[in-house]
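Visitor: I would like a close look at one part of this model, the part where charged side chains pair up. Please take me through it slowly.

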Amino acid sequence: MSTATVPRVTTKPHPQVADVTWTQLIEAVRQSGRYATRPQAEQVTRTVLSALGTHVTGDERVDLARALPGEAARLIAAQIPATRRLTAARFVDEVASRTPGATSATARWDVSSVLGALPPLIGDDLITRILAQLPPGYALLFGRADLTPAS
């Protein structure tokens, strides 16, 4: 019998998020969206991340869940991937349909508040990979310039 050791594979969160908690994520969203209360920011975050979880697939979905705090990762991972990609505008409308009393304008604010809080937490490389698999128009929702040529 060999005494050689077998390398152990471990997964590590993105170095920037190693110590980010659910509470810190909610606080980042609360500040980004200027929500009056933590529960309001938490509800918005849950709604947007659940919607996002249906549209990010493959390695990017796994890496996104791995990079986020546990509660946020569970929201992403619990979603069944969509069979068709939504445009950014339709994604905002989907979030509006999941939010009682929301309009397209308030849903866009909510989506931008949550997605715009993610880059500093999970890193630009992962955001770039996520944007590469989504239809044009999502970059603005993540707080980036959308430099995709118009079709």
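Guide: Start with a network of salt bridges that links Arg-38, Glu-42, Arg-46, Glu-71 and Arg-74. Keep in mind that the model is a predicted one. In total, the structure holds 10 salt bridges.

One pair within the network can be described in detail. The side chains of Glu-42 and Arg-46 form a salt bridge, with 3.0 Å from N to O. Both residues belong to helix α2, which covers residues 38–53, and they sit 4 residues apart, about one turn of the helix. Here a general point helps. An α-helix has 3.6 residues a turn, so residues three or four places apart point the same way. The two partners are not equally covered: Glu-42 has a relative accessibility of 18% and counts as buried, while Arg-46, at 25%, counts as partly exposed. The cut-off behind these words is that buried means under 20% relative accessible area.

Another salt bridge, between Asp-124 and Arg-144, has an N to O distance of 3.7 Å. Asp-124 is in helix α8 (residues 124–133) and Arg-144 is in the segment after α9 (138–141), so this pair ties together parts that are 20 residues apart in sequence. Asp-124 is partly exposed at 47% relative accessibility, and Arg-144 is also partly exposed, at 23%.

Now go to helix α1, where the side chains of Arg-30 and Glu-27 meet in a salt bridge at 2.7 Å, N to O. These two residues are 3 residues apart in α1, which runs over residues 22–33, and about one helical turn separates them. Arg-30 is partly exposed, with a relative accessible area of 25%; Glu-27 is partly exposed as well, with 27%.

The helix that carries this pair has 12 residues. From its first C-alpha to its last, α1 reaches 16 Å, close to the 16 Å expected at 1.5 Å a residue. Its buried residues include Trp-22, Leu-25, Ile-26, Val-29 and Gly-33. They cover an arc of only 95° around the axis, which puts them on the same side of α1. The buried residues of α1 pack against α2, α4 (70–77), α6 (104–117) and α7 (119–122). That list brings us back to α2, the helix that holds Glu-42 and Arg-46. After α1 comes Arg-34, whose phi is positive, near 55°.

Key: Residues are numbered from 1 along each chain as its sequence is written. This is a predicted model: local features need pLDDT of at least 70, side-chain atom pairs count only at pLDDT 80 or more; totals for chains, interfaces and linings use all residues. Side-chain values use heavy atoms; hydrogens and water are left out. A salt bridge is a side-chain nitrogen of Lys or Arg within 4 Å of a carboxyl oxygen of Asp or Glu. Buried means under 20% relative accessible area, exposed over 50%, partly exposed in between (1.4 Å probe, protein chains only). The expected span of a helix is 1.5 Å times one less than its number of residues. The arc is that of the directions from the helix axis to the C-beta atoms. Contact means heavy atoms within 4.5 Å.
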